[in-house]
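Here's a walk through the hollows and the surface of a protein model. Have the structure open and turn it as you read.

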Amino acid sequence: MSFIEELKEKTKSISSDIAAYLPEETGFQSIILEACNYSVRNGGKRLRPMLMLCSYILCRNNGSEELSEEEKKSIAPFMAAMEMIHSSSLVHDDLPCMDNDVLRRGVPSTWAKFGEDMGTLAGDGLMLYAFETASASEADPGLKCRCIEILARKSGIFGMVGGQSVDVMLTGKQPDRDQLEFIYKEKTGALIEASIMIGAVLAGADEAVTATLEEAADCVGMAFQIQDDILDVTATEEELGKPVGSDSANGKTTWLTYYGMERSAEDVRNYTDKALKLIRSIGSYDFFERLLISLIDRKA
(Lines give C-alpha, C1' and ligand atoms only; values in the text may rest on other atoms or scores of the structure.)
Protein backbone atom coordinates (compact mmCIF):
# COMPACT_ATOMS: atom_id res chain seq x y z
CA MET A 1 0.00 0.00 0.00
CA SER A 2 1.35 3.44 -0.94
CA PHE A 3 1.69 6.19 1.64
CA ILE A 4 -1.19 8.16 0.06
CA GLU A 5 -3.47 5.13 0.21
CA GLU A 6 -2.47 4.42 3.80
CA LEU A 7 -3.02 8.08 4.74
CA LYS A 8 -6.50 8.06 3.21
CA GLU A 9 -7.36 4.83 5.01
CA LYS A 10 -6.18 6.15 8.37
CA THR A 11 -7.95 9.49 7.84
CA LYS A 12 -11.20 7.68 7.07
CA SER A 13 -10.83 5.46 10.13
CA ILE A 14 -10.07 8.40 12.43
CA SER A 15 -13.02 10.37 11.02
CA SER A 16 -15.29 7.43 11.81
CA ASP A 17 -13.93 7.22 15.37
CA ILE A 18 -14.48 10.96 15.87
CA ALA A 19 -18.04 10.80 14.51
CA ALA A 20 -18.93 8.28 17.20
CA TYR A 21 -18.36 10.95 19.86
CA LEU A 22 -20.41 13.72 18.25
CA PRO A 23 -23.65 14.67 20.04
CA GLU A 24 -27.07 13.61 18.79
CA GLU A 25 -28.87 16.53 17.14
CA THR A 26 -32.01 16.56 19.28
CA GLY A 27 -33.78 18.83 21.77
CA PHE A 28 -34.58 22.54 21.78
CA GLN A 29 -30.87 23.31 21.18
CA SER A 30 -30.63 21.00 18.14
CA ILE A 31 -29.50 23.89 15.91
CA ILE A 32 -26.30 24.44 17.88
CA LEU A 33 -25.63 20.70 17.94
CA GLU A 34 -26.08 20.63 14.16
CA ALA A 35 -23.67 23.57 13.78
CA CYS A 36 -21.07 21.88 16.01
CA ASN A 37 -21.31 18.60 14.11
CA TYR A 38 -21.20 20.37 10.75
CA SER A 39 -17.93 22.01 11.77
CA VAL A 40 -16.29 18.72 12.75
CA ARG A 41 -17.68 16.61 9.91
CA ASN A 42 -16.61 19.14 7.31
CA GLY A 43 -13.62 17.18 6.02
CA GLY A 44 -10.17 18.09 7.24
CA LYS A 45 -6.89 16.21 7.38
CA ARG A 46 -7.46 14.90 10.94
CA LEU A 47 -3.78 15.72 11.36
CA ARG A 48 -3.83 16.35 15.11
CA PRO A 49 -5.61 13.15 16.16
CA MET A 50 -3.43 11.29 13.65
CA LEU A 51 -0.30 12.74 15.25
CA MET A 52 -1.64 11.71 18.66
CA LEU A 53 -2.12 8.15 17.44
CA CYS A 54 1.32 8.10 15.82
CA SER A 55 2.95 9.28 19.04
CA TYR A 56 1.07 6.64 21.01
CA ILE A 57 2.21 3.87 18.67
CA LEU A 58 5.79 5.17 18.68
CA CYS A 59 5.99 5.25 22.48
CA ARG A 60 4.13 1.98 23.01
CA ASN A 61 6.85 0.38 20.88
CA ASN A 62 5.47 -3.15 20.63
CA GLY A 63 5.93 -3.39 16.86
CA SER A 64 2.24 -3.27 16.01
CA GLU A 65 -0.15 -0.58 14.81
CA GLU A 66 -3.20 -2.55 15.97
CA LEU A 67 -4.95 -1.23 19.07
CA SER A 68 -6.85 -3.39 21.53
CA GLU A 69 -10.38 -2.39 22.48
CA GLU A 70 -9.02 -1.24 25.84
CA GLU A 71 -6.47 0.99 24.13
CA LYS A 72 -9.11 2.46 21.82
CA LYS A 73 -11.29 3.37 24.80
CA SER A 74 -8.28 5.14 26.28
CA ILE A 75 -7.10 7.21 23.31
CA ALA A 76 -10.13 7.63 21.01
CA PRO A 77 -11.94 10.15 23.26
CA PHE A 78 -8.82 12.33 23.35
CA MET A 79 -8.46 12.10 19.56
CA ALA A 80 -12.07 13.23 19.16
CA ALA A 81 -11.59 15.98 21.74
CA MET A 82 -8.53 17.28 19.94
CA GLU A 83 -10.39 17.51 16.64
CA MET A 84 -13.27 19.32 18.36
CA ILE A 85 -10.92 21.93 19.79
CA HIS A 86 -9.17 22.36 16.46
CA SER A 87 -12.55 22.74 14.74
CA SER A 88 -13.67 25.28 17.33
CA SER A 89 -10.62 27.42 16.54
CA LEU A 90 -11.41 27.33 12.82
CA VAL A 91 -15.04 28.27 13.46
CA HIS A 92 -13.89 31.32 15.43
CA ASP A 93 -11.13 32.17 12.91
CA ASP A 94 -13.71 32.40 10.12
CA LEU A 95 -16.04 34.80 11.98
CA PRO A 96 -16.55 38.33 10.58
CA CYS A 97 -14.75 39.80 13.60
CA MET A 98 -11.70 37.64 12.85
CA ASP A 99 -10.79 36.60 9.26
CA ASN A 100 -14.30 37.04 7.82
CA ASP A 101 -14.03 33.90 5.64
CA VAL A 102 -17.20 32.49 4.09
CA LEU A 103 -15.54 29.29 2.84
CA ARG A 104 -13.91 26.49 4.78
CA ARG A 105 -12.71 23.33 3.03
CA GLY A 106 -14.66 24.24 -0.07
CA VAL A 107 -18.07 24.68 1.59
CA PRO A 108 -19.69 27.53 3.55
CA SER A 109 -17.92 28.23 6.84
CA THR A 110 -20.00 27.56 9.95
CA TRP A 111 -21.03 31.17 10.54
CA ALA A 112 -21.85 31.62 6.84
CA LYS A 113 -24.21 28.63 6.99
CA PHE A 114 -25.75 29.07 10.44
CA GLY A 115 -25.29 32.79 11.12
CA GLU A 116 -22.70 34.70 13.09
CA ASP A 117 -24.48 34.13 16.40
CA MET A 118 -24.65 30.35 15.99
CA GLY A 119 -21.13 30.28 14.60
CA THR A 120 -19.84 31.95 17.76
CA LEU A 121 -21.80 29.58 19.99
CA ALA A 122 -20.71 26.54 17.98
CA GLY A 123 -17.06 27.44 18.56
CA ASP A 124 -17.70 27.87 22.27
CA GLY A 125 -19.75 24.68 22.44
CA LEU A 126 -17.13 22.54 20.71
CA MET A 127 -14.38 23.80 23.00
CA LEU A 128 -16.32 22.78 26.09
CA TYR A 129 -17.74 19.55 24.68
CA ALA A 130 -14.18 18.48 23.89
CA PHE A 131 -13.42 18.24 27.61
CA GLU A 132 -16.63 16.35 28.28
CA THR A 133 -15.53 13.93 25.56
CA ALA A 134 -11.97 13.59 26.87
CA SER A 135 -13.31 12.81 30.34
CA ALA A 136 -14.96 9.69 28.86
CA SER A 137 -11.52 8.15 28.29
CA GLU A 138 -10.99 4.90 30.16
CA ALA A 139 -7.28 5.51 30.58
CA ASP A 140 -5.59 5.17 33.94
CA PRO A 141 -7.03 8.05 36.06
CA GLY A 142 -3.60 9.57 36.69
CA LEU A 143 -2.68 9.53 33.03
CA LYS A 144 -6.10 10.88 32.06
CA CYS A 145 -5.74 13.76 34.49
CA ARG A 146 -2.31 14.63 33.07
CA CYS A 147 -3.66 14.54 29.52
CA ILE A 148 -6.62 16.77 30.35
CA GLU A 149 -4.17 19.20 31.96
CA ILE A 150 -2.08 19.24 28.75
CA LEU A 151 -5.19 19.68 26.61
CA ALA A 152 -6.43 22.60 28.72
CA ARG A 153 -3.12 24.44 28.91
CA LYS A 154 -2.22 24.05 25.24
CA SER A 155 -5.74 25.11 24.17
CA GLY A 156 -6.12 28.10 26.46
CA ILE A 157 -4.62 31.46 27.32
CA PHE A 158 -1.10 29.99 27.61
CA GLY A 159 -1.49 28.14 24.30
CA MET A 160 -3.76 28.44 21.27
CA VAL A 161 -6.03 31.19 22.60
CA GLY A 162 -3.02 33.16 23.79
CA GLY A 163 -1.48 32.96 20.35
CA GLN A 164 -4.74 33.93 18.68
CA SER A 165 -5.08 36.96 20.95
CA VAL A 166 -1.68 38.33 19.93
CA ASP A 167 -2.46 37.59 16.28
CA VAL A 168 -5.72 39.56 16.50
CA MET A 169 -4.12 42.40 18.48
CA LEU A 170 -1.45 42.88 15.82
CA THR A 171 -3.67 42.58 12.73
CA GLY A 172 -3.03 45.62 10.56
CA LYS A 173 0.23 46.23 12.38
CA GLN A 174 3.64 44.68 11.84
CA PRO A 175 4.67 42.29 14.60
CA ASP A 176 8.38 41.94 15.13
CA ARG A 177 9.99 38.58 14.47
CA ASP A 178 9.76 37.41 18.08
CA GLN A 179 6.06 38.25 18.21
CA LEU A 180 5.45 36.45 14.93
CA GLU A 181 7.26 33.33 16.14
CA PHE A 182 5.24 33.45 19.39
CA ILE A 183 1.98 33.54 17.38
CA TYR A 184 3.07 30.56 15.29
CA LYS A 185 4.22 28.52 18.28
CA GLU A 186 1.03 29.12 20.24
CA LYS A 187 -1.79 29.62 17.74
CA THR A 188 -0.76 26.70 15.53
CA GLY A 189 1.92 24.78 17.39
CA ALA A 190 0.27 24.39 20.78
CA LEU A 191 -2.43 21.94 19.64
CA ILE A 192 0.14 19.93 17.69
CA GLU A 193 2.28 19.79 20.84
CA ALA A 194 -0.74 18.70 22.88
CA SER A 195 -1.59 15.98 20.38
CA ILE A 196 1.87 14.43 20.36
CA MET A 197 2.34 14.82 24.13
CA ILE A 198 -1.02 13.21 24.95
CA GLY A 199 -0.25 10.24 22.72
CA ALA A 200 3.05 9.78 24.54
CA VAL A 201 1.56 10.11 28.04
CA LEU A 202 -1.25 7.63 27.30
CA ALA A 203 1.39 5.15 26.08
CA GLY A 204 3.22 5.45 29.40
CA ALA A 205 6.16 7.59 28.25
CA ASP A 206 8.19 9.25 31.00
CA GLU A 207 8.66 13.01 31.36
CA ALA A 208 11.96 13.04 29.46
CA VAL A 209 10.48 11.32 26.42
CA THR A 210 7.38 13.52 26.57
CA ALA A 211 9.57 16.65 26.70
CA THR A 212 11.59 15.48 23.69
CA LEU A 213 8.39 14.92 21.73
CA GLU A 214 7.07 18.31 22.82
CA GLU A 215 10.17 19.88 21.27
CA ALA A 216 9.66 17.83 18.10
CA ALA A 217 6.03 18.93 17.97
CA ASP A 218 7.09 22.56 18.32
CA CYS A 219 9.15 22.11 15.14
CA VAL A 220 6.23 20.42 13.38
CA GLY A 221 3.98 23.34 14.29
CA MET A 222 6.45 25.89 12.94
CA ALA A 223 6.90 23.96 9.70
CA PHE A 224 3.15 23.56 9.30
CA GLN A 225 2.39 27.26 9.81
CA ILE A 226 5.16 28.51 7.54
CA GLN A 227 3.92 26.12 4.86
CA ASP A 228 0.44 27.61 5.37
CA ASP A 229 1.92 31.05 4.67
CA ILE A 230 3.47 29.72 1.48
CA LEU A 231 0.21 28.12 0.35
CA ASP A 232 -1.73 31.32 0.97
CA VAL A 233 0.40 32.80 -1.81
CA THR A 234 0.94 29.84 -4.14
CA ALA A 235 -2.17 27.63 -3.90
CA THR A 236 -5.45 28.02 -5.75
CA GLU A 237 -8.79 28.48 -3.99
CA GLU A 238 -9.79 25.02 -5.26
CA GLU A 239 -6.70 23.42 -3.72
CA LEU A 240 -6.97 25.32 -0.44
CA GLY A 241 -10.75 25.03 -0.03
CA LYS A 242 -10.95 28.65 1.16
CA PRO A 243 -10.11 32.09 -0.21
CA VAL A 244 -6.42 32.57 -1.03
CA GLY A 245 -4.52 35.75 -0.27
CA SER A 246 -6.49 36.32 2.94
CA ASP A 247 -3.32 37.10 4.92
CA SER A 248 -2.48 40.01 2.63
CA ALA A 249 -6.10 41.14 2.46
CA ASN A 250 -6.29 41.22 6.26
CA GLY A 251 -3.01 43.11 6.58
CA LYS A 252 -1.21 40.23 8.28
CA THR A 253 2.55 39.94 8.49
CA THR A 254 3.72 36.39 7.76
CA TRP A 255 7.00 34.49 7.67
CA LEU A 256 7.32 35.43 4.00
CA THR A 257 7.18 39.13 4.93
CA TYR A 258 10.48 38.84 6.77
CA TYR A 259 12.22 35.95 5.08
CA GLY A 260 10.86 35.66 1.54
CA MET A 261 9.76 32.54 -0.32
CA GLU A 262 13.11 30.76 -0.69
CA ARG A 263 14.16 31.12 2.97
CA SER A 264 10.65 30.21 4.15
CA ALA A 265 10.65 26.98 2.13
CA GLU A 266 14.10 26.18 3.55
CA ASP A 267 12.84 26.79 7.09
CA VAL A 268 9.97 24.35 6.53
CA ARG A 269 12.49 21.67 5.57
CA ASN A 270 14.85 22.47 8.45
CA TYR A 271 12.12 22.40 11.10
CA THR A 272 10.84 19.11 9.69
CA ASP A 273 14.34 17.59 9.69
CA LYS A 274 14.83 18.58 13.33
CA ALA A 275 11.48 17.08 14.28
CA LEU A 276 12.39 13.83 12.55
CA LYS A 277 15.75 13.67 14.33
CA LEU A 278 14.10 14.11 17.73
CA ILE A 279 11.43 11.51 16.98
CA ARG A 280 14.04 9.01 15.80
CA SER A 281 15.85 9.46 19.11
CA ILE A 282 12.76 7.94 20.76
CA GLY A 283 12.08 5.09 18.35
CA SER A 284 11.11 4.14 14.83
CA TYR A 285 7.67 4.40 13.24
CA ASP A 286 7.81 4.69 9.46
CA PHE A 287 4.31 6.09 8.89
CA PHE A 288 4.89 8.84 11.48
CA GLU A 289 8.05 9.93 9.67
CA ARG A 290 6.43 9.85 6.23
CA LEU A 291 3.49 11.84 7.55
CA LEU A 292 5.78 14.65 8.70
CA ILE A 293 7.70 14.62 5.42
CA SER A 294 4.41 14.85 3.50
CA LEU A 295 3.59 18.14 5.22
CA ILE A 296 6.40 19.83 3.28
CA ASP A 297 4.86 18.97 -0.09
CA ARG A 298 1.17 19.45 0.75
CA LYS A 299 -0.94 21.69 -1.48
CA ALA A 300 -3.66 22.49 1.07
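How many nonpolar, polar and charged residues does the lining of the largest cavity have? Keep in mind that this is a predicted model. The answer is three nonpolar, five polar and three charged residues.

Let's stay with that cavity for a bit. About 70 Å³ of space lies inside the largest cavity, and the count of cavities of 30 Å³ or more comes to four. To find the largest cavity on your screen, pick out its lining: Tyr38, Ser39, Asn42, Ser87, Leu90, Val91, Asp94, Arg104, Arg105, Ser109 and Thr110. Helices α2 (30–41) and α4 each put at least two residues into this lining, and α4 gives the most, with four.

Now move on to the second largest pocket, which holds about 520 Å³ of space. Three elements each give two or more residues to the lining of this pocket: α1 (3–19), α3 (47–60) and α4 (69–94). There are 18 lining residues in the second largest pocket, and Ser13, Asp17, Leu53, Glu65 and Lys72 are the ones nearest its centre. Sort the lining of the second largest pocket by class and you get eight nonpolar residues, one polar and nine charged.

Last stop, the surface. Ile157, Phe158 and Val161 make a nonpolar patch of about 320 Å² there. Val161 sits in helix α8 (residues 160–169). With a relative accessible area of 32%, Val161 counts as partly exposed. Patch members need over 30%, so Val161 meets that cut-off with its 32%.

Conventions: Residues are numbered from 1 along each chain as its sequence is written. This is a predicted model: local features need pLDDT of at least 70, side-chain atom pairs count only at pLDDT 80 or more; totals for chains, interfaces and linings use all residues. Side-chain values use heavy atoms; hydrogens and water are left out. Patches are made of residues with over 30% relative accessible area and no salt bridge: like charges are joined within 9 Å, nonpolar side chains (Val, Leu, Ile, Met, Phe, Trp, Tyr) within 5 Å. Accessible areas come from the Shrake-Rupley method with a 1.4 Å probe; for residues, only the protein chains shown count as cover. A salt bridge is a side-chain nitrogen of Lys or Arg within 4 Å of a carboxyl oxygen of Asp or Glu. Buried means under 20% relative accessible area, exposed over 50%, partly exposed in between (1.4 Å probe, protein chains only). On a 1 Å grid over the protein atoms alone, a cavity is a set of points where a 1.4 Å probe fits but cannot get out, and a pocket is an open set with protein on both sides within 12 Å along at least five of seven lines; lining residues have an atom within 4 Å of a point. Grid points are joined across faces, edges and corners, and a volume is the space filled by probe spheres set on the points. Ala, Val, Leu, Ile, Met, Phe, Trp, Tyr, Cys and Pro count as nonpolar, Asp, Glu, Lys and Arg as charged, and the others, Gly among them, as polar.
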